[in-house]
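Q: Please take a close look at the second largest cavity. Which residues line the second largest cavity?

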Amino acid sequence: MGHLDHAAFGWLTPVLSYVMACIGAALGLRCTVRALATTGRSRRNWLVTAASAIGTGIWTMHFVAMLGFRVSGTDIRYNVPLTILSLLVAMVVVCGGVFAVGYSRDRNRALLLGGLTTGLGVASMHYLGMAAVRLHGDIRYDPVLVGASVLIAVVAATAALWAGLNIRSPRAVTVASLVMGAAVSSMHYTGMFAVSVRVDPSGHTLPGATAMQFIFPLAVGLGSYLFITSAFVALSPTADEREASAYAQRPVESIAR
């Protein structure tokens, strides 16, 4: 059995991955709040932004954490198409959950269905990402811990959608995003603790890309997207601010009437 190290760079990757999960959650919640205050095309656009932010944050969290994953006795490579597929799965399933909550008239039912679908999608993203791992040996999973990680993903997704429906103030969004980041990180590391590896030493070159060749540049790019989008959302006026601005610009005569 190969010795697994989940934090080869110390606390750097766990802390950074948690930060990315929190940023994605906070941005997704703020965009959902904006969406629910609008209608039509504007609501759709805000919901798409929310889904992309949450999905990107979850995916970036996973693979930033994977930068610190090492197995003694073997190199590690990543299958590029599967890794990209895991990102698409994360974004699509989160989009489905967010849209279900954003447009459904029966929001309690949509919350339960969306939370279940999104949670299973997040778990699928995690295990697709693990399926992309290439090493000299076999990867095995503890089914109990796998089940626990899926359950955590479903609960975290449901909590995220509930927060999007019920939380409005910036302070509450910040607290909710910290909790959601912790839940997503817990799901990831529970799934990683389910992993065991039987190493089969070999001199053959592994197929795929190294983490620094592929994962690191992609994570940096997506992380930059989150920061830039966060700045855009922070500077974009809310519905209340737009209404107040429009009222202030009305002619004095019309106000007097």
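A: The second largest cavity is lined by Leu29, Thr32, Ile54, Val98, Ala160, Leu161 and Gly164. A cavity is a set of points on a 1 Å grid over the protein atoms alone where a 1.4 Å probe fits but cannot get out, and a lining residue has an atom within 4 Å of a point. This is a predicted model, in which local features need pLDDT of at least 70 and side-chain atom pairs pLDDT 80 or more, while totals for chains, interfaces and linings use all residues. Residues are numbered from 1 along each chain as its sequence is written, and side-chain values use heavy atoms, without hydrogens and water.

The volume of the second largest cavity is about 40 Å³ (the space filled by probe spheres set on grid points joined across faces, edges and corners). H1 and H5 are the elements that give two or more residues to this lining, and H5 gives the most, with three. Helices are DSSP runs of H or I, at least four residues long, numbered from the N terminus. By class, the lining of the second largest cavity has five nonpolar, two polar and no charged residues (nonpolar: Ala, Val, Leu, Ile, Met, Phe, Trp, Tyr, Cys and Pro; charged: Asp, Glu, Lys and Arg; polar: the others, Gly among them).

The setting of this cavity deserves attention as well. Across the whole structure, a search finds three cavities of 30 Å³ or more, and the largest has a volume of about 200 Å³. Ile54 and Ala160, which line the second largest cavity, are also among the residues nearest the centre of the largest cavity, together with Ile58, Ala157 and Val184. The lining of the largest cavity comprises 18 residues. Two or more of them come from each of H1, H2, helix H3 (80-103), helix H4 (107-131), helix H5 (143-166) and helix H6 (170-193). H5 again supplies the largest share, here five residues. The lining of the largest cavity is made up of 15 nonpolar, three polar and no charged residues.

Helix H2 (40-66) also merits a description. Of its 27 residues, 20 are buried, so H2 is largely enclosed by the rest of the structure; buried means under 20% relative accessible area with a 1.4 Å probe, protein chains only. The end C-alpha atoms of H2 are 39 Å apart, in agreement with the 39 Å expected for 27 residues at 1.5 Å a residue (1.5 Å times one less than the number of residues).

Key
Buried means under 20% relative accessible area, exposed over 50%, partly exposed in between (1.4 Å probe, protein chains only). On a 1 Å grid over the protein atoms alone, a cavity is a set of points where a 1.4 Å probe fits but cannot get out, and a pocket is an open set with protein on both sides within 12 Å along at least five of seven lines; lining residues have an atom within 4 Å of a point.
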